[in-house]
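The following questions ask how the descriptions of a protein model are justified. Each answer sets a value against a definition.

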Amino acid sequence: MNRRTIRTLAAALSVTAALAISGCSSDSGSGSDSAGKAAADKPKLTVSGAFMPEPVNDKMAGAFLVIKNDSGTADKLTAVTSPLSDDLQIHETKDQKMQQVPSMDVPANGELKLERGGNHIMFMGLKDKPKVGDKVTIELRFEKADPVKVDLDVKERTYQAQNTNAH
């Protein structure tokens, strides 16, 4: 091999190595950017004011709470589970009529209020009848966010939640 051929091969190898290295770092960089972006896009949800009025019987009970979304990504409450019942339903109230719905929106930088006289969670066919002072565990499931476990405080049947609009 002459000098010219060696220089050409060396240059070609340098360019190939540079492309391979930049390709690898760009692939791994975009992978971590994607993972970072996905984590940044995942809604940040918190729950407050969670309670259940003491059930009158073991046939049904309601649950009320506020889900706050502190992110720019909207989400949906899609399911609720609990050891207390195998049949939990998400209910909306429209025109003073209650109906089961498959999901409820949790707006970006907003909140979903589940409250007396409005939207709420229904327990059908209780396995036990909780008393005032007990805690009932539920798990809220969402379209995008990770599941959230919540303890509902069992309150007197006449209990009214504090005004959640007060700051």
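Q: How are helices and strands defined and numbered here?
A: Both are DSSP runs, with at least four residues for a helix and at least two for a strand, numbered from the N terminus. In this predicted model, the protein comes to one helix and ten strands.

Q: Why is Phe51 called buried?
A: Buried means under 20% relative accessible area. Phe51 has a relative accessible area of 4%, so Phe51 is buried. Phe64, at 9%, also counts as buried.

Q: What makes the aromatic pair of Phe51 and Phe64 tilted?
A: A search of the whole structure finds two aromatic pairs. In the pair of Phe51 and Phe64, the centres are 5.3 Å apart and the planes form 35 degrees. Rings pair within 6.5 Å, and planes that are neither under 30 degrees nor over 60 degrees apart count as tilted, so this pair is tilted.

Q: Why is the aromatic pair of Phe51 and Tyr159 called edge-to-face?
A: The centres of Phe51 and Tyr159 lie 4.7 Å apart, with 75 degrees between the planes. Edge-to-face requires over 60 degrees, and therefore the term applies. Phe51 lies in strand E1 and Tyr159 in the segment after strand E10, so the pair ties together parts that are 108 residues apart in sequence.

Q: Why does Tyr159 count as partly exposed?
A: Tyr159 has 23% relative accessibility. Partly exposed lies between 20% and 50%, so the term fits Tyr159.

Conventions. Residues numbered from 1 in each chain as written. Predicted model: local features only at pLDDT ≥ 70, side-chain atom pairs only at ≥ 80, totals over all residues. Heavy atoms only, no water. Phe/Tyr/Trp six-rings, centres within 6.5 Å; stacked < 30°, edge-to-face > 60°. Buried < 20%, exposed > 50% of the residue type's maximum accessible area, 1.4 Å probe, protein only.
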